[in-house]
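Work through the exercises below with the structure open beside you. Try each task before you read its solution.

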Amino acid sequence: MHWQPEFTPKIERPRGLSWFRVFWRLLKISIVMFGLLGPVMFARAFGFYQIAARIVKFASGQVLRILRFEIRVTGDAINGAGFIAANHSSWLDIYVVNGSCTAYFVAKSEVRTWPMIGLFARAVGTSFVERRSVKVRRQKNALVNRIANGECLLIFPEGTSTDGRRVLPFRSSLFEAVMETKDQPNVAVQGLSICYRAPPEKREDFYGWFGDMGFLASFLDVLAQPKNGLVELHFHRPLDLKKVSDRKELATLLENQVRTGFKALQSN
């Protein structure tokens, strides 16, 4: 069962001169994203995956600079084939993570239709999964094959985004594909804790995306801020997959790792 917030905060609409900031930033973000999507797709089409990944990382970093975020990263992301499991708070996660490491997202199929985000997600090699049981086996095999080809995949095992003030229990279903790679050499698995801090005088859950929040309203509200807040990421020590018995144990280990790291970041 999904986490249900007690209430959904009302998102403020941009006012007065802040609309100029919204349109100016939207123009610059569009130039960055659409200007680099072509080279990314070209590089991926001809097998230059490392070049494509560098372009994506650069583009994501530029978007965060345009929005005036401060990013702090501790720990080292795995380099090469593997899985990263992270807590999920915001639509911003795709830029925050892509700007900090080389990993391909595993996202729910609805993300395809999100304005701008969906296009970006498709172009950078995101794997989209559906909950229909008839497609589970084929989707799992596709994820395993990507790992076998040396890619690192990032998953959000909570199954939904939150208010950014908590870590929900990890669902074990996607970890079945992770366990399928147990006998492959040099496959690493690690947790990633992500913690957002709101701008001054904004509510603590400002960057959370949850309840009945509309994407467009949240998107415009972030663009309208004179200076956005702080995002902290902590990459945890990789787990030894060969010592894990099944997907439920792996989900528990990663959940504990991510939750502990998240609480530590909150308390800083």
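## Exercise 1: A surface patch

Phenylalanine 42 sits in helix α1, which spans residues 18-45. Keep in mind that this is a predicted model.

**Task.** Decide whether phenylalanine 42 is buried or exposed, and find which residues form a nonpolar patch with Phe42 on the surface.

**Solution.**
1. Take the cut-off: exposed means over 50% relative accessible area.
2. Phenylalanine 42 has 52% relative accessibility, so this residue counts as exposed.
3. Now look at the patch. Phe42 joins Phe46, Phe48 and Ile51 there.
4. Together the four side chains' residues have about 450 Å² of accessible area.

## Exercise 2: Two pockets

**Task.** Describe the largest pocket: what is its volume, and which residues lie nearest its centre? Then do the second largest pocket.

**Solution.**
1. Start with volume. The largest pocket has about 770 Å³.
2. Its lining has 33 residues. Ala107, Lys108, Val129, Phe156 and Leu174 lie nearest the centre.
3. Assign elements. Helices α3 (93-98), α4 (117-123), α5 (136-148) and α6 (175-180), and strand β3 (104-108), each give at least two lining residues.
4. Sort the lining by class: 17 nonpolar, 8 polar and 8 charged residues.
5. Move to the second largest pocket, which holds about 270 Å³ of space.
6. This pocket is lined by 14 residues, and Gln50, Thr102, Gly150, Glu151 and Cys152 are the closest to its centre.
7. Helix α2 (residues 49-66) gives the most to this lining, with 3 residues.
8. By class, the second lining has 7 nonpolar, 6 polar and 1 charged residues.

## Exercise 3: An enclosed space

**Task.** How many cavities of 30 Å³ or more does the structure hold, and which element gives the most to the lining of the largest cavity?

**Solution.**
1. Count: there are 3 such cavities.
2. The largest cavity has a volume of about 90 Å³.
3. Its lining has 11 residues, with Ala53, Val56, Asn98, Ala103 and Tyr104 closest to the centre.
4. Both α2 and β3 supply at least two lining residues. The top contributor is α2, with 3 residues.
5. The class split is 7 nonpolar, 3 polar and 1 charged.
6. Stay with α2 for one more residue. Glycine 61 is found in this helix.
7. Glycine 61 has a relative accessible area of 14%, so this residue is buried.
8. Check a distance. Glycine 61 and aspartate 93 are 32 residues apart in sequence, and their C-alpha atoms are 12 Å apart in space.

## Exercise 4: Salt bridges

**Task.** How many salt bridges does the whole structure hold? For the pairs below, work out which partners are buried and which are partly exposed.

**Solution.**
1. The total is 8 salt bridges.
2. Set the cut-off: buried means under 20% relative accessible area, and partly exposed lies between that and the exposed class.
3. Glutamate 70 pairs with arginine 72, with the closest N and O atoms 3.2 Å apart. Glutamate 70 is partly exposed at 35%. Arginine 72 is partly exposed at 42%.
4. Aspartate 163 meets arginine 166 at 2.8 Å, N to O. Aspartate 163 has 7% relative accessibility, so it counts as buried. Arginine 166, at 34%, counts as partly exposed.
5. Arginine 203 pairs with aspartate 205, with the closest N and O atoms 2.6 Å apart. Arginine 203 is partly exposed at 26%. Aspartate 205 is buried at 14%.

Terms used. Residues numbered from 1 in each chain as written. Predicted model: local features only at pLDDT ≥ 70, side-chain atom pairs only at ≥ 80, totals over all residues. Heavy atoms only, no water. 1 Å grid on protein atoms, 1.4 Å probe; cavity = no way out; pocket = protein on both sides within 12 Å on 5 of 7 lines; lining within 4 Å. Points joined across faces, edges and corners; volume = space filled by probe spheres on them. Helix = DSSP H or I, 4+ residues; strand = E, 2+ residues; numbered from the N terminus. Nonpolar A, V, L, I, M, F, W, Y, C, P; charged D, E, K, R; others polar. Patch = residues over 30% accessible without salt bridge, like charges linked within 9 Å, V, L, I, M, F, W, Y side chains within 5 Å. Areas by Shrake-Rupley, 256 points an atom, 1.4 Å probe, with all protein chains shown as cover. Buried < 20%, exposed > 50% of the residue type's maximum accessible area, 1.4 Å probe, protein only.
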